[in-house]
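Biologist: Please take a close look at one strand pairing in this model, and then follow it outwards into its surroundings in one connected account. I would like each step kept close to what the coordinates support.

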Amino acid sequence: MRSVSIIGVGCTKFGERWDSSLRDMVAEAGFSAIEDSNVSGEEISALYVGNMSAGRFIEQEHIGSLIADYAGLARLHVPSTRVEAACASGGLALRQAVLAVSSGYHDIVIAAGVEKMTDVSGGTAADALASAADREWECFFGATFPALYAMIARLHMRKYGTTREQLSMVAVKNHHHGCLNPIAQYQMEITHEKVMKSPLVADPLHVFDCSPLTDGAAAVVLAPTEMAKKYCDTPVKILGSGQASDTLALHDRRDITTLDATVCAARVAFGQARVEPGQINVAEVHDCFTIAEILAIEDLGFVEKGQGGKAVEEGMTSLNGKLPINTSGGLKACGHPVGATGIKQAYEITLQLRGEAKKRQIDDAEIGLTHNVGGSGGTALVHILSR
Amino acid sequence: MASGIISYGVYIPRFRIRVDEIARVWGDGEDISEGLRVYEKSVPDMDEDAVTIAVEASRSAIHRAGIDPKRIGAVYAGSESHPYAVKPTGTIIGEAICTSHNFTAADLEFACKAGTAAIQACLGLVSSNLIDLGLAVGTDVSQGAPGDMLEYTAAAGGAAYVIGSSDLAAEIEAFQSFTTDTPDFWRREGMPYPEHGGRFTGEPAYFKHVTSAALGLLRRLDRVPEDYDYAVFHQPNGKFPVRVARKLGFSKEQIAPGMVVPMIGNTYSGSCLLGLAATLDVAKPGDRIFVTSFGSGAGSDAFSIKVKDRIEEIRDGAPSVRDYISKAQYLDYAMYAKHKGKLRL
């Protein structure tokens, strides 16, 4: 098993990219990552792309071939693979690329993620996203993702005393971070009052508790650590990669206020990295809904179970807190192009570890973490990155 | 030779439904009207359609300036709700207002901006001296599917403009159009209600086209928003025209007289032209009015208009826009559904 490093990163502006198609965006992110890494096209030996539902969103499948083609690598016949794990597709693409390099099978590998979500109506998009849940046992009975996470939120509030204000504080904080991130979809401050005034989606979740529909793409270039310095002065090592699954349907879980897939993936990643949660300086976690960020910081071991809301309230996860969470703005404010999110998280942590995050740069970031969830927790991926 | 508006006339059906009443039926809450900045919309009577509205507005235009309808050499009717798929609206208007039979007519459709396109067509014929007067009409009984966001704003109304080159009430100094193939809103043949691209109707459609046409015209004339006393922008809701005005540098005061959408909703082909009429109702000789329409699909026509002395002589010859707005009779959703033919027996 070889050590693997990120030697280049790229990310498009996130948002309603009506002027750009899926292929435009993935090419834009890919080329900027390649440029950042100083590799040449001939050196790239494999591509992995995370994409949840191009078939539903733009009626295009065969995304592996498409991105190889638009990266100018089809004529070199570079193997290109699309992977899918709903909203964790990006994180899964990163892991596949890590495994490919780590195993010695490939040297220079690109992991990309892309989703083009705004070409269809909101209803069609919601239905495509609902396919990440159990269609037969959840969706057919009327459940949507906001509804599932609303149930999680309700129980978390009852069991642990998490408050409505604490949910808002996640959104308020992430919007503040988004204001400092030029690629973020939303660059505006919000307040608890604004969250509460936004339409109710599924009690207790309002519109401003939910991540938006977003177009965007991100890419990272991986190399064996031993070769990384040849390309880049500031490679970022991938110390650990964990993946875990759980029941597809929320109601089959042991406890819906804990995502066991996150707990297991984190255990693997921390074990591999030989790092404790307390050593993490910055993390990008999967805040598809405000409650999801509270669950994440608990399940990743940053705080005790039930203490997530309090930690947010006390400012632990703010930019100047003990452990800044979602400095990019997270899924909530940076946007959530589902297949791209896992790669964008690695992009953000790489910038933080390289000291290139500008206005949102945190001091002395040594070790960072990314956490990407598929559906309501049927899949989770955790990666630990270090300077 | 200067050409422009000889006279104008409007018509808005007297029935209204409150946006809150529609929201009550669909359970959308009370913040819909505030979000759209539209509080009421006009509803046609059961026997009113785009033709009857056009005829009322045209008669009013003829009457306002005492125009001999026999002088009219062209009738262009812009609408997206012509009652016939094949059979012109323009011919009915011509007969109803007693034009001679020596006039050309055609119906136009360009979503919400067919009325301003009709003005442009008339201007061409008048300016080149091919006809004496032209009648340009924007009229609609617009459709919104039950429960669709469009239902909150899709309203009924129209305006008619007599275009000529003498006795001008307002000179049309110049116009500039901006047109692209942008599918933000459409209704296919045989379909009762239009479809739309949701948020796509905003930035890449309305805002891009309105600002492109408006800035193009300002640049061409080497003018700035402060050179105008009033401005009118297409009013699909109460938010878009305010936001686009601010973006272009026009003030709330400049657009205030022409903002009719909060009280009557979006009258589609009538919208911008009713806004212009409401502004002509209060403008003084010498005032300049900047007008920009928008039609989905998509395009915008921007006009620079200078009000002439003659406006004072004709203004009171026909009812004003505010006269029609103030005559309101409210319907509940059931009666509204009956008026709009939403109940099929």
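Modeller: In chain B, strand β1, residues 4–11, and strand β7, residues 156–164, run antiparallel to each other and are joined by seven bridges. This is a predicted model, and what follows should be read with that in mind. Within the pairing, the residue of β7(B) that stands opposite Tyr8(B) is Tyr161(B). Two helices of chain B can be placed relative to these strands. Helix α3 of chain B, residues 50–64, lies across β1, β7, β4 (72–78) and β6 (133–141), and its direction makes about 130° with that of β1(B). Helix α5 of chain B, residues 114–127, also packs on the sheet, where it touches β4, β5, β6, β7, β8 (170–182) and β13 (297–307) and runs at about 175° to β6(B).

The β1–β7 pair belongs to a wider arrangement, an open sheet of nine strands in chain B with mixed pairing, whose order is β5-β4-β6-β7-β1-β8-β13-β12-β11. At its edges stand β5 (104–108) and β11 (230–233) of chain B, and because each has a single partner strand, one side of each is left without a neighbour in the sheet. From one strand to the next, the twist averages 20°.

Chain B also contains an open sheet of three strands, again with mixed pairing, in the order β3-β2-β14. Here β3 (40–43) and β14 (329–330) of chain B are the edge strands, each pairing on one side only. Between β2(B), residues 15–18, and β3(B) there are four bridges, and these two strands run antiparallel; one of the matched pairs sets Arg16(B) against its bridge partner Ser42(B) in β3(B). Helix α1 of chain B, residues 19–26, lies across both β2 and β3 of that chain, at about 55° to β2(B).

Apart from these sheets, helix α10 of chain B, residues 271–280, is mostly covered, with 10 of its 10 residues buried. Among the buried residues of α10(B) are Leu273(B), Leu274(B), Leu276(B) and Leu280(B), and the list also includes Ser271(B), Gly275(B) and Thr279(B).

Chain A can be approached in the same way, beginning with a strand and its partners. Strand β7 of chain A, residues 216–224, has eight of its nine residues buried, so β7(A) is largely enclosed by the rest of the structure. With strand β1 of chain A, residues 4–11, β7(A) pairs in the antiparallel sense over seven bridges, and in that pairing Cys11(A) stands opposite Ala218(A). Strand β4 of chain A, residues 108–115, is likewise joined to β7(A) by seven bridges in an antiparallel arrangement, with Val114(A) opposite Ala217(A).

For the helices of chain A, one packed pair deserves a description. Helix α7(A), residues 164–179, and helix α11(A), residues 290–299, pack at an angle of about 95°, their axes being 8 Å apart. The two helices α7(A) and α11(A) are therefore roughly perpendicular to each other. At their contact, Leu167(A), Val170(A) and Ala171(A) of α7(A) meet Thr290(A), Ile291(A), Glu293(A) and Ile294(A) of α11(A). Sorted by class, that contact between α7(A) and α11(A) comprises five nonpolar residues, one polar residue and one charged residue.

A single residue of chain A shows how positions that are separated along the sequence are placed in space. Leu99(A) lies in helix α4 of chain A, residues 89–102. Because Leu99(A) has 17 C-beta neighbours inside 10 Å, it counts as partly exposed. From C-alpha to C-alpha, Leu99(A) and Val4(A) are 8.8 Å apart, although 95 residues separate them in sequence. For chain A as a whole, of the contacts between residues at least 6 apart in sequence, 77% join residues at least 24 apart.

The overall figures for chain A complete its description. Chain A has 14 helices and 11 strands. Its radius of gyration is 19 Å, close to the 21 Å that the globule rule gives for 387 residues, so chain A is as compact as a globular protein of that length. Along the principal axes, the C-alpha atoms of chain A fill a box of roughly 55 × 45 × 40 Å, and 60% of the 387 residues of chain A count as buried.

As for the contact between the chains, four residues come from chain A and four residues from chain B. On the side of chain A that touches chain B, one residue is nonpolar, two are polar and one is charged.

Methods
Residues numbered from 1 in each chain as written. Chains lettered and ligands numbered in written order. Predicted model: local features only at pLDDT ≥ 70, side-chain atom pairs only at ≥ 80, totals over all residues. Contact = placed C-beta atoms within 7 Å. Nonpolar A, V, L, I, M, F, W, Y, C, P; charged D, E, K, R; others polar. Pairing = 2+ DSSP bridges. Axes fitted to C-alpha atoms, helices over the stretch in contact; angles between N-to-C directions. Rg over C-alpha atoms; globule rule 2.2 N^0.38 Å. Buried ≥ 20, exposed ≤ 12 C-beta atoms within 10 Å, placed from the backbone. Parallel < 35°, antiparallel > 145°, perpendicular 65-115°, else oblique.
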